[in-house]
Amino acid sequence: MPELPEVEVVRAGLAPALTGARIVSVAVHDERALTRHVLGAADFAERLEGAAVHGVARRGKFLWMPLADSDAAVVGHLGMSGQLLLRRPDADAERHERIRIVVEHPVHDRLAVVFADQRTFGSLAVDHLVETADGRAAGWGSVDARIPSQVAHIARDPLDPAFRDDAFRLALRGRSSAIKRVLLDQTLVSGIGNIYADESLWAARVHPETPASALSTVAVRRLLAEVRLVLEKALAEGGTSFDAQYVNVNGQAGYFAHSLNAYGRTGQPCARCGRPIVREAFMNRSSHYCARCQRRR
DNA sequence: TATTTTACCTGAGGGC
DNA sequence: TGCCCTCAGGTAAAAT
């Protein structure tokens with residue numbers, strides 16, 4: 001499932017191929033991939049054809065490509081199973097291909113950016129840019145303090161230099177919600193999904209149901225430090241791939257699945273204490289944790 | 001207002 | 001072999 005490390009791998013793969021490229025043609029095969037673009041496929045294509053891509057930026061799990069000399073950007077979210085692939089313009093259609101954008105790049109010539117998505121939770125849109133609330137650069141891969149309006153409500157991610165640890169800690173004070181729910185709330189801290197929430201909580205020895213307000217200042221600092229370590233390590237290993245649903249722009253899987261300590265390890269021994277990892281239902285999904293290392297308060 | 005639940009969606013895999 | 005059921009889960013709208 002694409003979370004921050006996986007989306008960053010995709011961003012880093014797209015950036016050299018798309019920065020400075022001009023969009024030649026847009027083919028929308030499935031309008032469900034445009035749920036964030038309310039004006040529909042014809043409008044989407046019309047706004048893009050002929051436009052030049054200025055770069056590729058990311059905040060949390062959202063990607064966007066600002067268009068040159070414009071206050072617009074192509075914004076994208078991969079949902080659960082979305083892929084952005086770089087292909088030859090005449091390459092055969094991908095399984096679950098929804099949108100194909102052909103660009104002309106001054107160095108790489110013609111390339112196709114293929115948006116494929118099995119579960120159709122992901123989507124693309126053309127959106128206008130607004131100023132960031134704090135006036136800082138909008139996200140990774142951007143020095144511009146403007147962000148797509150659809151992404152403006154998303155918090156900065158923990159690897160963003162403008163993320164404010166103290167503000168996050170203060171936000172937790174008044175929250176009775178479980179800490180895992182808070183980690184998954186993209187308006188408080190972005191980029192973390194079910195996998196990295198479980199991994200970070202395991203590393204910080206915090207039970208996922210611990211009320212956020214019950215964590216001390218020291219505990220919140222330690223949790224944020226573990227979140228950053230987990231995300232950075234996953235990024236270095238190219239992300240987590242369980243099945244064919246997450247791949248980089250060349251269709252290759254990441255290796256972090258081999259480094260998981262909690263997520264998906266139900267019944268296997270905890271790497272610290274040897275007690276079997278347990279799985280519990282949580283928010284229509286699963287939590288994986290060690291009942292000995294991560295004591296419930 | 002804050003928090004929780006639901007809808008969206010497809011394919012893999014298990015049980016019978 | 002084929003049918004039915006469950007599960008995977010990010011986001012935003014709806015409900016509480």
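**Helix α1**

I began with the buried residues of α1 in this predicted model. Leu4, Pro5, Glu6, Val7, Glu8, Val9, Val10, Arg11, Leu14 and Leu18 are buried there. I noted that Glu6, Glu8 and Arg11 are on that list alongside the leucines and valines.

What covers these buried residues? I found several elements, among them the strands β2 (57–59), β3 (62–66), β5 (82–87), β6 (97–105) and β7 (109–117). Helix α6 (217–236) also helps to cover them.

Next I checked the length of α1. The helix runs over residues 4–18, which makes 15 residues. At 1.5 Å a residue it should span 21 Å. Its end C-alpha atoms are 20 Å apart, so the expected and actual spans agree.

I then looked past the end of the helix. Gly20 follows α1, and its phi is positive, near 90 degrees.

**Ala116**

I picked one residue from a covering strand. Ala116 sits in β7. Is Ala116 buried or exposed? I counted 23 C-beta neighbours inside 10 Å, and a residue needs 20 or more to be buried. Ala116 therefore counts as buried.

I listed its contacts, leaving out residues up to four places away in sequence. Ala116 touches Gln83, Leu85, Glu94, Arg95, His96, Glu97 and Arg98.

I also took a distance to Val75. Ala116 and Val75 are 41 residues apart in sequence. In space they are 15 Å apart, C-alpha to C-alpha.

**Chain A as a whole**

I stepped back to the full chain. Chain A has six helices and eleven strands. Its C-alpha trace spans about 60 × 40 × 30 Å along the principal axes.

Why does the radius of gyration fit a compact globule? With 297 residues, such a globule would have a radius near 19 Å, and chain A has 20 Å, so the two agree.

I looked up burial too: 46% of the 297 residues count as buried. Then I turned to contacts with a separation of 6 or more. Residues 24 or more positions apart account for 63% of them.

**The DNA strands**

Which residues surround DNA strand B? I wrote down Arg32, Gln118, Arg119, Thr120, Phe121, Arg175, Ser176, Ser177, Arg181 and Asn284. This surface divides into one nonpolar, five polar and four charged residues.

DNA strand C came last. I found 17 residues around it. Lys61, Phe121, Gly193, Asn194 and Arg285 come nearest. The surface near strand C divides into four nonpolar, nine polar and four charged residues. Phe121 appears around strand B and is also one of the nearest residues to strand C.

Definitions and conventions:
Residues are numbered from 1 along each chain as its sequence is written. Chains are lettered from A and ligands numbered from 1 in the order in which they are written. This is a predicted model: local features need pLDDT of at least 70, side-chain atom pairs count only at pLDDT 80 or more; totals for chains, interfaces and linings use all residues. A residue is near a molecule or strand if its C-beta atom, placed from the backbone, lies within 6 Å of it. Ala, Val, Leu, Ile, Met, Phe, Trp, Tyr, Cys and Pro count as nonpolar, Asp, Glu, Lys and Arg as charged, and the others, Gly among them, as polar. Helices (H or I, at least four residues) and strands (E, at least two) are DSSP runs, numbered from the N terminus. The expected span of a helix is 1.5 Å times one less than its number of residues. A residue is buried if 20 or more other C-beta atoms lie within 10 Å of its own, exposed if 12 or fewer, and partly exposed in between; C-beta atoms are placed from the backbone. Two residues are in contact if their C-beta atoms, placed from the backbone, lie within 7 Å. The radius of gyration is taken over C-alpha atoms; the globule rule is 2.2 Å times the number of residues to the power 0.38.
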